[in-house]
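The following account leads the reader through a protein structure, from its strands and helices to the contacts between side chains. Please keep the sequence and the coordinates in view while reading.

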Amino acid sequence: MKKTKNDHLIPVRIWRIYTVPDVTPPESLIVVLKGEESRFVPISIGCPEGRYLVMAMQDVSFPRPLTHNLLQNLLEKVKGKVHQLVIHTLKDETFHAYLLIQTQDEVFYLDCRPSDGMILTTLMGIPIYMSPEVMEEAGRQLSVLNIDELEELSGAAQAAPGEESEEEEPAPASQALAGAAGAPPAAAAPVEEPTELDSLKAQLDRLVAEEAYEEAARLRDQISELEQGSRD
């Protein structure tokens, strides 16, 4: 079975989180994502989301589930699998993202804020990707980020700029916080990776919902060709 293809996407990781002095609104934080060839993308998020992201990165647990823990527990309860977070568009200085989710019945894209998506993917050990268009428009070299003016809140293991830091492998998706209520999470049945056709159909649904009919029409033709080829 073919797996989801990400040839056109760029893998990124959360590199550092900074507080920003003297900004409006004052509660803003900057998450710096690191891409290929030392390209960095700064994304401004709210302070509450930034704090939750730091706590997720530091594996801080709570006696009761927080909002993102609740979503994670719900996904596991319905045997839903999050495959990836994709930051796909930068429009009017706002980043747009989606989660690719698979259940036993369907594969679908779930629109989300990058901040919420990063918290959930950190909790579940899910990869983050970025479209080449966003990387081209928002990507910066480290030398032009002016991070010396920022106060670091959290980040990867300390390393000099340009040097790779040793990182632990991401936690497996099965490592949930469902046990916060006192009971261990139930073992989930194995879920197969979505086929290329499944992913294209989910993307088609998203394009129709966004009223991107011209792009949806091209994608529908591609789906028809794949379906015809599978029958031959």
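**A guided reading of the model**

Strands S5 and S6 form a hairpin in which four residues lie between the two strands. Helices (H or I, at least four residues) and strands (E, at least two) are DSSP runs, numbered from the N terminus. The structure is a predicted model, in which local features need pLDDT of at least 70 and side-chain atom pairs count only at pLDDT 80 or more, while totals for chains, interfaces and linings use all residues. Residues are numbered from 1 along each chain as its sequence is written, and side-chain values use heavy atoms, with hydrogens and water left out.

Within the hairpin, S5 and S6 pair in the antiparallel sense over six bridges; two strands count as paired if DSSP finds at least two bridges between them. Ala-97, for instance, has Cys-112 in S6 as its bridge partner.

Aromatic contacts come next. How many aromatic pairs does a search of the whole structure find? The search finds two, where rings of Phe, Tyr and Trp (its six-membered ring) pair if their centres lie within 6.5 Å, and planes under 30 degrees apart count as stacked, over 60 as edge-to-face and the rest as tilted. One of them joins Trp-15 and Phe-40 in an edge-to-face arrangement, at 4.9 Å centre to centre with 65° between the planes. Because Trp-15 belongs to strand S1 (residues 10-19) and Phe-40 to strand S3 (residues 39-45), this pair ties together parts that are 25 residues apart in sequence. Trp-15 counts as buried because its relative accessibility is 9%; buried means under 20% relative accessible area, exposed over 50% and partly exposed in between (1.4 Å probe, protein chains only). Phe-40 is likewise buried, with a relative accessible area of 3%.

The other pair is made by Tyr-98 and Tyr-109, which are edge-to-face at 4.3 Å centre to centre, with 80° between the planes. This contact links distant parts of the chain, with Tyr-98 in strand S5 (residues 94-102) and Tyr-109 in strand S6 (residues 107-112), 11 residues apart. Both Tyr-98 and Tyr-109 are buried.

Trp-15 has a further contact, with a charged neighbour in the sequence. The charged end of Arg-16 sits over the ring of Trp-15, 4.4 Å from the ring centre; the criterion is that NZ of Lys or CZ of Arg is within 6 Å of the ring centre and within 35 degrees of the ring normal.

Attention now turns to opposite charges. Side chains of opposite charge can pair when their charged atoms come close. A search of the whole structure finds two salt bridges, each being a side-chain nitrogen of Lys or Arg within 4 Å of a carboxyl oxygen of Asp or Glu. In one, Glu-49 meets Arg-113 at 3.0 Å, N to O. This bridge links distant parts of the chain, since Glu-49 is in helix H1 and Arg-113 in the loop between S6 and H3, 64 residues apart. Arg-113 also forms a salt bridge with Asp-116, at 2.9 Å, N to O. Glu-49, Arg-113 and Asp-116 are thus linked in a network of salt bridges. As for their cover, Glu-49 counts as buried at 14% relative accessibility, whereas Arg-113 is partly exposed at 45% and Asp-116 is partly exposed at 23%.

Is helix H3 enclosed or open? Nine of the 11 residues of H3 (residues 114-124) are buried, so the helix is largely enclosed by the rest of the structure. Among the buried residues are Pro-114, Gly-117, Ile-119, Leu-120 and Met-124. Gly-125 follows H3 and has a positive phi, near 70°.

Positive phi values also occur in residues other than glycine. Asp-59 has a positive phi of about 60° and lies in the loop between helix H1 (47-57) and H2. Asp-59 is exposed, with a relative accessible area of 62%. Lys-79, with phi near 60°, lies in the loop between H2 and S4 and is partly exposed, with a relative accessible area of 30%.

Val-78 is found in the loop between helix H2 (67-77) and strand S4 (81-91). Val-78 counts as partly exposed because its relative accessibility is 45%.
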